[in-house]
Amino acid sequence: MIKLIASDLDGTLMSPDHMTVSQRTLLALYQAHKKGVKIAIATGRTLHFTDPVTLQIPFVDFVISSNGAAVYDRNKEEYVYSTLVSNADALEAVEFLNALPVHYHIYLGGRIYIQQSAMAFAADTGLPEEFLRDFISRVQICESLADVIGDKDVEVIDVFSMGEHEAEIVEFFRKKNLVMTSAVRGELAATAIGADKGTALSGLSKVLGITADEVMSFGDAENDCPMLEYAGFSFAMENGNATCKAAAKAVAPSNADDGVAQMIENLILFRD
């Protein structure tokens with residue numbers, strides 16, 4: 001019996017515009033929730049950046065954010081799990097990246113911070129313009145990321161526009177023993193060891209007292225693979241990449257065809 005659904009957002013739960021949840025998907029999630037199934041969204045976004053989603057799906061129980069760096073209980077309004085990049089590594093990364101012509105973000109305290117000097121190197125990620133405009137309206141632009149970080153640990157170091165410096169950046173993060181994943185074109189997200197969607201989903205399952213066989217997960221990209229490998233019922237979207245499909249137990253129809261809703265209907269709602 002499935003007791004927890006965990007779904008990635010962009011390319012999976014969300015419509016192709018990356019901003020809306022279809023009525024079919026919303027209804028399927030709502031009906032599953034009424035049957036007692038807990039709902040979690042698992043995303044590379046920070047907690048603050050999931051607000052447009054949870055406004056559409058207000059009954060979401062948990063947010064696995066920043067590629068698994070943190071899990072937030074929306075009912076208790078508290079974090080129940082976190083695995084962060086150390087303060088020392090974060091400050092060294094800022095110093096290193098500031099010397100390169102790259103665009104990068106720091107995820108900290110559920111928000112995204114961008115240094116003004118890095119704005120000149122903004123990348124084309126292939127995401128819809130409306131989504132990108134909304135994104136820019138929500139980020140915190142600052143003069144010094146080092147000052148923002150201060151003595152705090154961070155959730156994610158997210159780099160774009162690497163060009164000829166990609167190998168150099170990968171090697172830097174490798175030496176720091178950081179985990180590297182990608183969710184969109186030209187991106188490299190670095191998190192602490194253990195900060196992935198699969199480990200976070202496993203930790204959440206323990207909090208809820210359930211097993212992997214009682215979990216259903218959905219994803220479309222490389223950073224979704226750990227939670228697809230963990231869950232007993234896992235689906236890569238038809239629009240997902242080959243690595244993602246290899247990690248999942250099965251393939252669902254694309255996000256444009258309400259693949260998440262179709263699998264919930266087939267395995268939870270219409271199975272009784």
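## A walk around H11, H4 and Thr54

Start by selecting Gly259, Val260, Ala261, Met263, Ile264, Glu265, Ile268 and Leu269: these are the buried residues of helix H11, where buried means under 20% relative accessible area with a 1.4 Å probe, protein chains only. Helices here are DSSP runs of H or I with at least four residues, strands are E runs of at least two, and both are numbered from the N terminus. You're looking at a predicted model, in which local features need pLDDT of at least 70 and side-chain atom pairs count only at pLDDT 80 or more, while totals for chains, interfaces and linings use all residues. Residues are numbered from 1 along each chain as its sequence is written, and side-chain values use heavy atoms, with hydrogens and water left out.

Now show the whole of H11, residues 259-269: 8 of its 11 residues are buried, so it is mostly covered. Among the elements doing the covering are strand S1 (4-7), helix H2 (23-34) and strand S14 (250-252).

Add H2 next. Its axis and that of H11 come within 9 Å and cross at roughly 30 degrees; axes are lines fitted to C-alpha atoms, for helices over the stretch in contact, and angles run from 0 to 180 degrees between N-to-C directions. That makes the two helices roughly parallel, the term for angles under 35 degrees, with roughly antiparallel kept for those over 145. To see where they meet, pick Arg24, Thr25, Ala28, Leu29, Gln31 and Ala32 in H2, then Ala261, Gln262, Ile264, Glu265, Ile268 and Leu269 in H11. Contact means heavy atoms within 4.5 Å.

Hop over to helix H4, residues 87-98. Its 12 residues reach 17 Å from first C-alpha to last, close to the 16 Å expected at 1.5 Å a residue, that expected span being 1.5 Å times one less than the number of residues. Colour its buried set: Asn87, Asp89, Ala90, Ala93, Val94, Phe96 and Leu97. Their cover includes strand S6 (103-108) and helix H7 (166-175).

Bring up H7. It packs against H4 at about 165 degrees, with the axes 11 Å apart, so the pair is roughly antiparallel. The contact is made by Glu92, Ala93, Phe96 and Leu97 of H4 with Glu168, Ile169, Phe172 and Phe173 of H7.

Last stop: Thr54, in helix H3 (residues 51-54). Is Thr54 buried or exposed? Buried, with a relative accessible area of 7%. Leaving aside residues up to four places away in sequence, Thr54 touches Ile41, Val60 and Arg74.

Conventions. Buried < 20%, exposed > 50% of the residue type's maximum accessible area, 1.4 Å probe, protein only. Parallel < 35°, antiparallel > 145°, perpendicular 65-115°, else oblique.
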